[in-house]
Amino acid sequence: MPAWTPKGTPEGIADARRSLRCGRALRLLGRAVGRPFGHAQFPLGLCRRAAAGFTLIEVLVALGIVAVALAAGARATSALTENASRQRDALLAQLCAQNTLVQLRLSRQLPDVGDSTQSCEQARRRFTVRLSVRGTPNPSFRRVDARVSEGDTPLLSLSTVVGRY
């Protein structure tokens, strides 16, 4: 197929009509040179290249959109991972606090007023449970606060009332 399409040939008309964008460009170019569309002779390679590829701007915009989407996905994944870690720590701390408070109840004694510290191991991690026993207006009950921490990081605070058996 020749690079230039002669005027009025069926191949030239069919090629020009294949792409609306190409046809519009040829009509505008024909008007600019003062000839109607059917009489103008234009290289078809120009139309094919314009319809087949992307410009550098289009590629850069698409790349920017993909980069923003990937960054948002990475941030969401990071937030989910941190949340799962926090939930795991809170669950293990709650197990330690509940175990300590259940031990107090099972001792069947009214705990002495004061502060104490106990160690608790859950999932191969060591937690510190600080018990604070305070009196209440009713001498048959004591308020017990359990504060669980891992190192210097406080994780959970749990309170209950223990009565005389």
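Trainee: What share of the accessible area that the chain exposes do carbon and sulfur atoms supply?
Mentor: This is a predicted model, in which local features need pLDDT of at least 70 and side-chain atom pairs count only at pLDDT 80 or more, while totals for chains, interfaces and linings use all residues. Residues are numbered from 1 along each chain as its sequence is written, and side-chain values use heavy atoms, with hydrogens and water left out. By the Shrake-Rupley method with a 1.4 Å probe, counting only the protein chains shown as cover for residues, the chain exposes about 11,900 Å², and the share from carbon and sulfur is 59%.

Trainee: Which pattern does the chain follow along the sequence?
Mentor: Helices (H or I, at least four residues) and strands (E, at least two) are DSSP runs numbered from the N terminus. The chain has four of each. Read along the sequence, the pattern is α-α-α-α-β-β-β-β.

Trainee: How far does H4 reach from its first C-alpha to its last?
Mentor: H4 covers residues 56–106, a run of 51 residues. The expected span, 1.5 Å times one less than the number of residues, is 75 Å here. The model comes close to that, at 74 Å.

Trainee: Which strands are among what covers the buried residues of H4?
Mentor: Buried means under 20% relative accessible area, exposed over 50%, and partly exposed in between (1.4 Å probe, protein chains only). In H4 the buried residues are Asp89, Leu92, Ala93, Cys96, Ala97, Thr100, Leu101 and Leu104. Their cover, counted by contact (heavy atoms within 4.5 Å), includes E1, E2, E3 and E4.

Trainee: Which element gives the largest share of the largest nonpolar core?
Mentor: Such a core joins buried Ala, Val, Leu, Ile, Met, Phe, Trp, Tyr and Cys residues through side-chain atoms within 4.5 Å. This one has 15 residues, and Cys96, Leu101 and Val129 are among those touching the most other members. H4, E2 and E3 each give two or more residues. The largest share, six residues, comes from H4.

Trainee: Does leucine 60 count as buried, partly exposed or exposed, and why?
Mentor: Leucine 60 lies in H4 and joins Leu56 and Leu63 in a nonpolar surface patch with about 330 Å² of accessible area together. Patch residues have over 30% relative accessible area and no salt bridge; like charges are joined within 9 Å, and nonpolar side chains (Val, Leu, Ile, Met, Phe, Trp, Tyr) within 5 Å. A salt bridge is a side-chain nitrogen of Lys or Arg within 4 Å of a carboxyl oxygen of Asp or Glu. Because its relative accessibility is 48%, leucine 60 counts as partly exposed.
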